[in-house]
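Hi everyone, thanks for having me. Let me put the structure up on the screen, and then we'll walk through it together.

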Amino acid sequence: MSPTIASSSDASGNFSQATARAAVSAAAGAEAAGPQPITMAKALNTAMADAMHADDSVLVFGEDVGLLGGVFRITDGLMKTFGEQRCFDTPLAESGIVGMAVGMAINGMRPVIEMQFDAFAYPAFEQIVSHVAKMHNRTKGRVKLPMVIRIPYAGGIGGVEHHCDSSESYYAHTAGLKVYTPATVADAYRMLREAIDSDDPVMFMEPKKLYWSKDLVDLQALRDEYEGKTGAGTEGRAAVARSGTDATLIAYGPSVPTALVAAAAAAEEGRSLEVIDIRTIVPFDDDTVAASVRKTGRAVVIAEAHGFASVSSEIVARVQERCFHHLAAPIRRVTGFDVPYPAPKLERYYLPGVDRILDAVDALQWED
Amino acid sequence: MTISADHTAPGQTAHGKPAEVQTEDAQLPGAAAETARKFGITAEDYMLPARHQIQMVDQNGNLKHHSEQGAEPGHEYPLPADEELLAAYEQLVVGRRVNDQNSALVRQGRMAVYPSSHGQEACQAAAALCLADGDWMFPTYRDAVAVMARGVDPIEAMTIFRGDWHGGYDPLEHKVGIQCTPLTTQLLHAVGVAHAAKLRGEDTVVLAMCGDGATSEGDFHEALNFAAVFHLPVIFFVQNNQYAISVPLAHQSVAPSLAHKAVGYGMAGERVDGNDVVALLAVLDRAVKLAREGSGPLLVEAHTYRMQAHTNADDATRYRQDGEVAQWVARDPIIRMRKFLTDRALLDDGGEGRIAEKAEAVAAQLRAGLGEDVPIDAQDLFKYVFSIPTPQLIEQSALLADELARDAAGSASDTEVTE
């Protein structure tokens with residue numbers, strides 16, 4: 001898919017000179033050795049930089065991603081390292097950004113585009129569902145769209161209206177889109193690299209409240225693992241974030257750390273909860289989830305998005321299909337209420353918090 | 001649009017090579033102003049269309065005097081070469097035959113729908129002929145004739161209407177975007193293709209086609225703006241056939257013309273008689289040349305008429321008068337071109353005969369290819385959703401396979417097997 005970028009002597013001088021500078025910069029600058037406290041933002045930023053070093057056809061664009069480095073600074077430094085032709089700002093037009101990315105992907109590039117906030121992607125919705133999702137299918141596989149649409153989603157930051165939506169259900173429902181959502185710093189690196197290298201279009205949902213969460217991570221080791229292909233890959237592979245025996249908490253994105261806190265609290269009460277981090281909503285890992293629920297016999301699905309007609313509904317349907325005779329109680333859901341995402345001062349009533357999760361666990365018919 | 005053959009605009013090399021990537025400053029109206037001054041016109045006059053549409057051959061087939069062609073300082077177009085004019089005539093005749101054959105197949109029930117470009121064949125031919133092999137075309141659902149003129153196999157071009165798949169040709173092979181139903185969205189794809197080509201230093205030009213109705217869609221605005229801001233080699237070719245299904249142009253836009261929209265983005269626009277293939281080629285050839293030399297995007301509005309209904313499913317008598325349609329019969333693109341070429345001794349009975357044979361051959365190909373029962377493989381539903389089917393798709397594929405196997409077993413036992 002990647003075109004060969006011509007030598008610096010051809011007419012595309014700026015493009016390949018920037019690439020040469022980038023290679024030098026990559027060699028010169030190395031992270032400190034061993035595990036360091038690294039934010040998810042840094043992991044995402046590093047993943048993009050590494051992907052751009054590895055493949056000249058990877059481009060990053062969107063609103064404010066160039067000089068500013070993105071309103072969340074996730075693309076910080078990329079324009080400086082790779083030049084304005086590989087990391088650039090666009091006019092303020094989401095449909096334009098996605099539509100242009102479709103054309104660039106048709107013509108040999110691997111665009112990694114940013115939608116500034118979850119709800120601001122909606123002007124691009126037609127381009128996403130009618131073209132990004134369908135182009136490969138409508139051309140019987142002749143045209144691939146190896147593009148990534150990065151979307152900061154979900155709440156917990158006290159944002160004004162439209163800044164905290166969770167739209168993953170719309171994309172998960174759209175045949176032809178992959179939907180990735182990392183919950184840990186290490187997975188943010190791994191999954192963004194996988195998304196960029198995927199030949200399929202990926203909606204990359206980034207839990208914005210976790211951007212500044214830190215973890216001890218060895219970026220060089222992650223890079224070696226990815227580029228040496230020694231890791232297991234994350235697509236279609238849910239992670240067991242915490243092992244347990246009494247009930248399974250199924251979560252993704254921003255709900256995973258909440259689920260882990262709930263599980264730690266439950267452990268103090270003598271209840272052993274297993275926490276599954278879905279990681280890739282599409283393709284979904286039925287096997288890992290079903291194996292866990294068959295083992296424990298009880299499940300709670302946790303997600304910030306409105307519960308009605310959602311990813312969490314889908315998970316419940318799939319789990320009950322596969323695990324019905326192993327279930328000791330109906331599967332419970334702890335989700336956002338079916339109300340528009342609230343103003344900051346009401347956010348805490350809306351979000352699936354630890355207490356509500358523990359209440360749901362208590363309701364799993366333990367007495368029977 | 002306004003630059004003569006010998007002139008290079010600021011930022012271009014003298015030999016027609018693609019310009020070095022410009023900083024944003026060079027693309028401000030200042031650059032246009034400088035160019036315009038060389039012709040003694042203002043930047044706005046550089047970008048606004050000429051006061052009259054460009055027409056070179058009138059509806060009676062007579063070549064108009066240069067002073068009456070609509071040309072103005074900075075809006076000058078040389079007559080295309082004879083070979084190109086003959087090639088265009090052939091495409092007109094073949095295109096008309098394709099349109100009429102496809103419409104007949106719909107009436108016979110062999111195709112569900114066909115949005116005909118009957119009457120618009122000059123636009124279809126010019127759109128294909130102005131492009132070089134390495135260039136791209138992004139058609140609408142009404143541009144099957146242009147798609148075929150570009151070299152796509154007629155049956156592959158018609159697959160979308162035959163009903164066995166949503167698209168029948170490989171866009172990458174022919175550098176033709178796949179025809180889609182949503183309006184205007186393909187203009188952004190055209191912009192992206194051009195942007196990728198420019199980043200790689202290629203001198204690709206992209207022709208992005210749309211209709212008058214499409215200019216109301218938001219993606220039209222976004223595509224023109226992106227193309228202008230990024231200074232991309234995209235020709236926005238607006239086929240104004242006066243109707244968007246039943247909605248006439250007057251209800252679609254009150255701009256002085258659709259070509260006038262270009263100046264709002266900082267690009268030049270021009271109006272052409274869309275039934276005059278000579279003028280269309282003159283203007284489009286110049287537009288493609290300028291774009292290839294690095295002048296940035298351009299808009300060409302072709303005035304034509306949708307002679308038939310939106311599709312066979314539409315009843316145009318509900319919203320327009322027969323008298324209006326009749327007026328445009330006299331403006332037919334083929335009749336005038338035939339006379340023009342005959343008068344110039346470029347076309348004789350022998351040539352006409354050869355072209356008619358070619359047209360009949362394509363018509364026969366359409367009858368054969370669209371009449372036959374195409375074998376359907378239901379498993380195709382699952383194969384192309386992703387590069388590699390997911391476990392869930394494999395599961396669903398197996399479910400359908402099982403269903404079909406049981407159907408086949410059921411009907412085998414129900415009926416006698418006869419050969």
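I'll start with how the two chains meet, then go on to salt bridges, and finish with a few single residues and helices.

One thing before we dive in: what you're looking at is a predicted model.

Okay, the interface. How many residues of chain B are in contact with chain A? It's 41 residues of chain B, and they're in contact with 52 residues of chain A. Between them, the two chains bury about 4000 Å², and 62% of that is on carbon and sulfur atoms. If you want three residues to click on, try B:L199, B:R200 and B:F386: they supply 18% of the area that chain B buries against chain A, more than any other three residues.

Now for polar contacts. Chain B and chain A have 18 residue pairs in polar contact, counting pairs where both residues are at pLDDT 80 or more. On chain B's side, the elements giving two or more residues are helix 7 (171-174), helix 8 (185-199), helix 9 (218-229), helix 14 (380-383) and helix 15 (391-414). And which helix of chain B gives the most? That's helix 8, with 10 residues. Sort the residues on that side of chain B by type and you get 22 nonpolar, 12 polar and seven charged.

Next, salt bridges. Side chains of opposite charge can pair when their charged atoms come close. Searching the whole structure turns up 35 salt bridges over all chains. Two of them run between chain B and chain A. Take A:K140 and B:D380, whose side chains meet in a salt bridge at 3.5 Å, N to O.

Inside chain A, have a look at A:E227 and A:R193, where the N to O distance in the salt bridge is 2.6 Å. A:E227 is in helix 9 (residues 219-227) and A:R193 is in helix 8 (residues 185-197) of chain A, so this pair ties together parts that are 34 residues apart in sequence. Are the two partners buried or exposed? A:E227 counts as partly exposed because its relative accessibility is 42%, while A:R193 counts as buried because its value is 3%.

Over in chain B, the side chains of B:R338 and B:E352 form a salt bridge at 2.9 Å, N to O. That one links helix 12 (residues 333-343) with helix 13 (residues 349-371) of chain B, and the two residues are 14 apart.

There's also a network of salt bridges that links A:D286, A:E314, A:R318, A:E321, A:R322 and B:E395.

Some of those names sit in helix 12 of chain A, so to speak of that helix: residues 311-323 make it 13 residues long, and it reaches 18 Å from first C-alpha to last, close to the 18 Å expected. Its buried residues include A:I315, A:R318 and A:C323.

Just before that helix, we get to A:F308, in the loop between strand 13 (299-306) and helix 12 of chain A. With a relative accessible area of 67%, A:F308 is exposed. Leaving out residues up to four places away in sequence, A:F308 touches A:S313 and A:D338.

For contrast, go to B:T204, in the loop between helix 8 and strand 2 (206-211) of chain B. B:T204 counts as buried because its relative accessibility is 9%. With the same kind of sequence neighbors left out, the residues B:T204 touches include B:W136, B:P233 and B:R292.

Last stop: helix 4 (residues 121-129) of chain B. Eight of its nine residues are buried, so the helix is largely enclosed by the rest of the structure. Among the buried ones are B:E121, B:C123 and B:Q124.

That's my tour, thanks for listening!

Definitions and conventions:
Residues are numbered from 1 along each chain as its sequence is written. Chains are lettered from A and ligands numbered from 1 in the order in which they are written. This is a predicted model: local features need pLDDT of at least 70, side-chain atom pairs count only at pLDDT 80 or more; totals for chains, interfaces and linings use all residues. Side-chain values use heavy atoms; hydrogens and water are left out. Contact means heavy atoms within 4.5 Å. Buried area is the accessible area (1.4 Å probe) that two parts lose on being put together, summed over both. A salt bridge is a side-chain nitrogen of Lys or Arg within 4 Å of a carboxyl oxygen of Asp or Glu. A polar contact is a pair of N or O atoms within 3.5 Å; within protein, one must be able to donate a hydrogen and the other to accept it, and residues adjacent in sequence count only if both atoms are side-chain atoms. Helices (H or I, at least four residues) and strands (E, at least two) are DSSP runs, numbered from the N terminus. Ala, Val, Leu, Ile, Met, Phe, Trp, Tyr, Cys and Pro count as nonpolar, Asp, Glu, Lys and Arg as charged, and the others, Gly among them, as polar. The expected span of a helix is 1.5 Å times one less than its number of residues. Buried means under 20% relative accessible area, exposed over 50%, partly exposed in between (1.4 Å probe, protein chains only).
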